[in-house]
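Student: Could you take me through one part of this model in some detail? I'd like to see how the helices there sit against one another.

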Amino acid sequence: IHTLKKTISWSRQWGSLYPAYYLSRNNLGFAYAKLGHDDEAVEELLASIAIDPTYLKSKKTLAVVYFRTGKYREMAAIAELIVKIQPGKAENYGRLGSAYMMTGEHLKGVQAFEQEVLHEPKDSLAVANLGAARMAAGKNEDAIATFKQLLILKPKDFDVLSMLGRAYRQTGRNDEAISVLKEALEIKPNSEKVVMAIAMTYISK
């Protein structure tokens with residue numbers, strides 16, 4: 001905290017001497033964000049972006065602040081700009097996908113996560129996010145394929161098996177759902193959620 005306060009003091013002094021210098025506004029915004037002073041952080045980061053719209057660090061920090069404060073549409077708008085400036089980086093699509101999911105734009109979320117997985121096919125979190133987005137968008141068969149892909153990266157993983165079982169249930173493939181959920185239950189025998197899912201699947205057969 002002491003270092004962050006020193007950064008704020010230094011950046012204020014530098015900003016008063018050079019008000020059009022984007023880096024001092026960025027550093028000030030970053031320090032405010034770290035301290036949880038979100039309104040001040042947004043003000044400084046927007047000022048930095050106005051001075052230099054191509055500087056990505058300000059945009060990325062601003063996206064974090066918007067996410068933390070529940071301003072998901074603003075986060076999505078910033079994330080879209082980041083992708084335009086730096087289209088070859090997987091994490092930028094992950095950020096954009098997360099923003100779209102929070103705004104309820106699930107199909108856009110799917111498209112963003114597809115790009116993330118295209119750039120980082122072995123990133124298990126990216127693949128998991130894509131599977132979840134496809135389920136949210138009603139693309140359950142695609143979600144099943146995604147979770148199967150994820151099982152290659154994370155074999156015998158409880159969460160992956162649970163998600164795959166849920167996807168099977170939503171497509172009416174109850175026998176496959178029960179089989180997968182039983183595998184999950186072998187890993188965590190005390191999971192009430194999985195026990196209930198199995199019971200409900202038997203009922204719906």
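How close do the axes of helix α11 and α12 come, and at roughly what angle do they cross?

Tutor: Happy to, and keep in mind that this is a predicted model. Helix α11 covers residues 174-187, and its axis comes within 10 Å of the axis of α12, with a crossing of roughly 160 degrees. Angles over 145 degrees count as roughly antiparallel, so α11 is roughly antiparallel to α12. The crossing of these two helices is left-handed.

Now for the side chains. From α11, the contact takes in N174, A177, I178, L181, K182 and L185. Facing them from α12 are V194, V195, A197, I198, T201, Y202 and S204. Sorted by class, the residues of this α11 and α12 contact come out as nine nonpolar, three polar and one charged.

Next, look at what else α12 touches. Helix α10 (residues 158-170) packs with α12 (residues 192-204) at an angle of about 20 degrees, and their axes are 11 Å apart. Under 35 degrees counts as roughly parallel, so α10 and α12 are roughly parallel to each other. Here too the crossing is left-handed. On the α10 side you'll find F158, S162 and R169, and they meet V194, A197, M200 and T201 of α12. That contact splits into four nonpolar, two polar and one charged residue. V194, A197 and T201 turn up in the contact with α10, and they're also on the list for α11.

There's an opening to look at here as well. The largest pocket holds about 260 Å³ of space. Its lining is made of F158, D159, S162, M163, R166, R169, L181, K193, V194 and A197. The elements giving two or more residues to that lining are α10 and α12, and α10 gives the most, with six. By class, the lining has five nonpolar, one polar and four charged residues. Several names should ring a bell: F158, S162 and R169 line the pocket and also belong to the α10 contact with α12. L181 is in the lining too, and you met L181 in the contact that α11 makes with α12.

Finally, follow α10 to its other neighbour in this picture, helix α9 (residues 140-153). The axes of α9 and α10 come within 9 Å and cross at roughly 160 degrees, which makes α9 roughly antiparallel to α10. α9 passes α10 in a left-handed crossing. N140, I144, F147, K148, L150 and L151 of α9 meet V160, L161, M163, L164, A167, Y168 and Q170 of α10. The class count for this contact is ten nonpolar, two polar and one charged. One residue to pick out is M163, which takes part in the contact with α9 and also lines the largest pocket.

Definitions and conventions. Residues are numbered from 1 along each chain as its sequence is written. This is a predicted model: local features need pLDDT of at least 70, side-chain atom pairs count only at pLDDT 80 or more; totals for chains, interfaces and linings use all residues. Side-chain values use heavy atoms; hydrogens and water are left out. Axes are lines fitted to C-alpha atoms, for helices over the stretch in contact, and angles run from 0 to 180 degrees between N-to-C directions. Helices (H or I, at least four residues) and strands (E, at least two) are DSSP runs, numbered from the N terminus. Angles under 35 degrees count as roughly parallel, over 145 as roughly antiparallel, 65 to 115 as roughly perpendicular and the rest as oblique. A crossing is left-handed if the near helix is turned anticlockwise from the far one by less than a right angle, and right-handed if clockwise. Contact means heavy atoms within 4.5 Å. Ala, Val, Leu, Ile, Met, Phe, Trp, Tyr, Cys and Pro count as nonpolar, Asp, Glu, Lys and Arg as charged, and the others, Gly among them, as polar. On a 1 Å grid over the protein atoms alone, a cavity is a set of points where a 1.4 Å probe fits but cannot get out, and a pocket is an open set with protein on both sides within 12 Å along at least five of seven lines; lining residues have an atom within 4 Å of a point. Grid points are joined across faces, edges and corners, and a volume is the space filled by probe spheres set on the points.
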